[in-house]
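User: Please take a close look at the pockets of this protein chain. I would like to know what lines them and how the lining relates to the strands and the helix.

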Amino acid sequence: NIDVQKGWLKAGDHSSVTSGIMGSDNSYFSMALTARFLPLGLIKDSKSEALKYLSEIYGGVGLGFIANSVKANTIISPDFGSLGDYSGTALFLPIEAGINVPVLLMTNNKSLSINVNYRVNLAFSDKIDGYVPSVAANEKNDAFNTLTAGLVLKF
């Protein structure tokens, strides 16, 4: 699967950049390539109506790229590692689960489906939220989740 997303990530109190409270607003663009496995799709039973839908449940993993422009609240303490206004890029590991619900079957095994997908994105960067704290509690890179819905055309 190849997908392209444009979205916004928000965290904390981002209403005022001088609030003294952590908060960020991030506009991002991402692309990801994922391999999906449909375990129930291996079962061939053309008579089962339930299996027709259950066979479209999948899990997947891949590699993605994110370009982000984040505005983080400025915090005086250097321990918080506020980047202020930051634009950058990073790779991320998408881990996902979802389902394709068939709505239209066409000739030659072509179909149109509605897709619902939940993804955990593990970034290879700690700058996605606009902060790089220097405290021991922040030894991990950033992560974010996405829930998407869309149309899938199989051809």
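Analyst: The pockets come first below, followed by the sheet and one loop.

This is a predicted model, in which local features need pLDDT of at least 70 and side-chain atom pairs count only at pLDDT 80 or more, while totals for chains, interfaces and linings use all residues. Residues are numbered from 1 along each chain as its sequence is written, and side-chain values use heavy atoms, with hydrogens and water left out.

The largest pocket holds about 510 Å³ of space. A pocket here is an open set of points on a 1 Å grid over the protein atoms alone, where a 1.4 Å probe fits, with protein on both sides within 12 Å along at least five of seven lines; lining residues have an atom within 4 Å of a point. Points are joined across faces, edges and corners, and the volume is the space filled by probe spheres set on them.

Its lining has 20 residues, and those nearest the centre of the largest pocket are Lys52, Ser55, Glu56, Pro102 and Leu105. Three elements each supply at least two lining residues: α1 (49-54), β4 (85-105) and β5 (111-123). Helices (H or I, at least four residues) and strands (E, at least two) are DSSP runs, numbered from the N terminus. The largest share, three residues, comes from α1. By class, the lining of the largest pocket has eight charged, seven polar and five nonpolar residues. In this scheme Asp, Glu, Lys and Arg are charged; Ala, Val, Leu, Ile, Met, Phe, Trp, Tyr, Cys and Pro are nonpolar; the others, Gly among them, are polar.

The second largest pocket contains about 190 Å³ of space. It is lined by 15 residues, with Asn1, Asp3, Arg36, Asn115 and Thr148 closest to its centre. Two or more lining residues come from each of β1 (2-12), β5 and β6 (143-154). β6 gives the most to this lining, with five residues. The lining of the second largest pocket divides into six polar, five nonpolar and four charged residues.

The strands named above belong to one sheet. Six strands form an open sheet in the order β1-β2-β3-β4-β5-β6, with antiparallel pairing; two strands pair if DSSP finds at least two bridges between them. β1 and β6 are the edge strands, each pairing on one side only. From one strand to the next the twist averages 30 degrees, where axes are lines fitted to C-alpha atoms and angles run from 0 to 180 degrees between N-to-C directions.

β5 and β6 run antiparallel and are joined by 12 bridges. Asn115, one of the residues closest to the centre of the second largest pocket, has Gly150 in β6 as its bridge partner. β1 is joined to β2 (residues 23-37) by 11 bridges, and Lys10 stands opposite Asp25 in β2. A further 14 bridges join β2 to β3 (residues 57-72), where Ser24 stands opposite Ala72.

In chain order, the elements run β-β-α-β-β-β-β. The loop between β4 and β5 holds Asn108 and Asn109. Asn108 has a positive phi near 60 degrees, in a residue other than glycine, and phi of Asn109 is also near 60 degrees. Asn108 is exposed at 66% relative accessible area, and Asn109 is exposed at 76%. Exposed means over 50% relative accessible area, buried under 20% and partly exposed in between (1.4 Å probe, protein chains only). Over the protein chain, 33% of the 155 residues are buried.
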